[in-house]
Amino acid sequence: YYQSLSPPNDSITLIYNKKCLAVQKQLNNKKGIANAYLNIASTYYYLNNFDEALNTNKQALKLCKEIKDSKSEARCLNNIGLVYESQGKYPEALKYYYNSLSVKEKLKDKKGIANAYSNIGNVFWQQEKLDDALIKYKSALNYFKEVNDTLGIADVYTNIGILYIEQKKYQSAIECHSKALQIYEKEQYLSGMGTAYGNLASAYLYQGNAKKAKEIYLKALTIREKLGNKKGIAYSYLGLGMSELQLKNPTASKKHLQQALALSKELGVRTLIKSSYNNLAKADSALFNYKEAYEHYKLFISYRDSINNEENEKKSLQTVMQYEFEKKEAILKEQAKAEKKQQQLEYIAIIAFLLTVVVFAMVWFYYYKKKQKNEKIVSETKLALEVAEDERRRISADLHDDLGVGISTISLLGNRIRKQEKIEHVKADADSIIKNTKKVSEKLTEVIWELNAEHNNLEDLLLFIQKQGQQIFKETNIYFSMVIPLEIPAIFLSSHQRKQLYFV
C-alpha cells in the first residue's frame, strides 16, 4: 500500500519490509527470507541508499543460490546490475546483467531475457555506445513481441525513441514514441502516457515543429499533474517554455520556465535547473531584459560547469573502473592459462610415470621369464646329466655283471680245456664257451643298441624286441610271434625309457 502511493512512502515501506523479514526468519523460511531481502533492497534503491541496496541484494542472491531458486537468482542479479548502473559502475552493471541474462536463458524466460537485453541496452546508452545500445533494444523488442508483453514493447519503443533523438533521427524518434503512446493509451497506463507525450513533444521540438511540440507538452502536463509527478511536471514546463521561445512568445516562455525552475529547485534536479536558467537567459534577451538575462546566464554557466566537472569526474572514475575491470579480466585469463599449463604438465608427468612403470614391468617380466627359462634349461640339463650318470653307472654295472662274468667264464673254460684229456670233456667245455660267447655278444648288441641315439623312437624299440625275441627262441621248441602295426606313431623315447620297456 505505502509503495503504491503517489508518490510512494518508501520510509514506511522499508519498516514493513523489515518486519516481514523478521517474521520469515522466525519461520526459518529461506525462500521468504530471500524475497524479503529483495523487497528491502528495492526500497533502499528507491531511497537512493545504494550501498544498503547492494548489500541486501547480495544476501538475497546467496540464499537463492542455496535453495536453487533460479528465477529469484536472476532477479537478484538484475537488481545488483541496476544498483551498479545507478552508481555509474558500468562494467560491474554489465557483468551482473549478463549473468542474469544467462540464468533467464537457461529458464527459457523470454520476458526476463527481454528485460535483460533492455537493461544492457541502457548501460550501452549511458556509455554513449548508441549503436550497441540499439542492437540490444531491438533484441529486447523481439522477445517482448514473442510473449506479447505490450507494456514491455512500449518501454523498448520509448528507449529506442530517446536514442534516436540523441542520434538526431527525429522522424524515427517520433515513430517510436507514437507506437509507445498507442500502447500506453490502449492499456490506460497514465504514467507511460505522460512519458510518451513528453518524449514525443521533445522529438517534434528538436525537429523544429514547436507548435506540435507545445500541443503535446500540454497533454503531458495534464497527465503528470493528475499523477502528482513533480519531476514530470517540471520537464513539461521546461518543454513548454522552449516551445514558446521557438514560437517567438518570450513572455509565455518565461512564465513556464520560471515554473520549471521553481519545481527543479524543490526537487534538487540540477540538470533541470541548468536548462531552466539557460532558457530563461534566452527569454530575457528576447524581452530585452539584459541584466536578468546576464544573471540567469551566469547561473546557467555555474550549474553547467558544476555538472560538467561532476560528469568528468564520473567519466574518469568510469575509465578507472573499466581499466580495473579489464585488468582483473586479464589477470583471471592469465591465471586460467597458467592453471591449464600446470594441469598439462601434471598430466604429462603422470603419463610419463605410468609409461615408466609399464616399461619397468615389461623389462622385469622379460627378464623374469628369461630367468625362468634359463633355470628350466639348467634344471633339465642337470636332470639330463644325472640321468646320463645313472645310465653310465647302470651300463658299467651291466657290463661288469653280465659281460665280466661271461668273459671270466670263457677264460676259465679255456684254461680247463687245456687241461682236459678226454675229448668228451673238451667238447662239453667248448659248448659252454660257445654259449657264453653268444651271451656276451647278445649283451654287447643290447648295450650298443641302447647307446645308439638313432634308435630313440618307438618304432625301433618294437623292431628290436621283435628281433631279440626271434633270436632268443630260434634254437628252442617255442614258437615266437610279435605283431607290429603298419603305422607306428613317431614317439621319442630316451635310452633309459627304451631300456626299461625292453626289460618289461
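A residue counts as partly exposed when its relative accessible area lies between the buried limit of under 20% and the exposed limit of over 50%. Lys 110 has a relative accessible area of 36%, so Lys 110 is partly exposed. This model is predicted.

**The chain as a whole**

The chain has 18 helices and zero strands. Of its 504 residues, 35% count as buried. The chain exposes about 31600 Å². Carbon and sulfur atoms supply 55% of that area. Among contacts with a separation of 6 or more, 53% join residues 24 or more positions apart.

**Salt bridges**

Side chains of opposite charge can pair when their charged atoms come close. The count here comes to ten salt bridges. Three of them are listed below.

| Acidic partner | Basic partner | N to O distance |
|---|---|---|
| Glu 146 | Lys 110 | 2.6 Å |
| Glu 266 | Lys 230 | 2.6 Å |
| Glu 295 | Lys 298 | 3.7 Å |

Take the pair formed by Glu 146 and Lys 110. Glu 146 lies in helix α7 (residues 130-146) and Lys 110 in helix α6 (residues 110-126), so the bridge ties together parts 36 residues apart in sequence.

Glu 266 pairs with Lys 230. This pair also links distant parts of the chain: Glu 266 sits in helix α13 (residues 250-267), Lys 230 in helix α12 (residues 230-246), 36 residues apart. Lys 230 is partly exposed, at 38% relative accessible area.

Glu 295 and Lys 298 both belong to helix α15 (residues 290-419). They are three residues apart, so about one helical turn separates them. Glu 295 is partly exposed at 36%, and Lys 298 is partly exposed at 39%.

Finally, salt bridges link Lys 254, Asp 284 and Glu 292 in a network.

Technical notes
Residues numbered from 1 in each chain as written. Predicted model: local features only at pLDDT ≥ 70, side-chain atom pairs only at ≥ 80, totals over all residues. Heavy atoms only, no water. Helix = DSSP H or I, 4+ residues; strand = E, 2+ residues; numbered from the N terminus. Buried < 20%, exposed > 50% of the residue type's maximum accessible area, 1.4 Å probe, protein only. Contact = heavy atoms within 4.5 Å. Areas by Shrake-Rupley, 256 points an atom, 1.4 Å probe, with all protein chains shown as cover. Salt bridge = Lys/Arg side-chain N within 4 Å of Asp/Glu carboxyl O.
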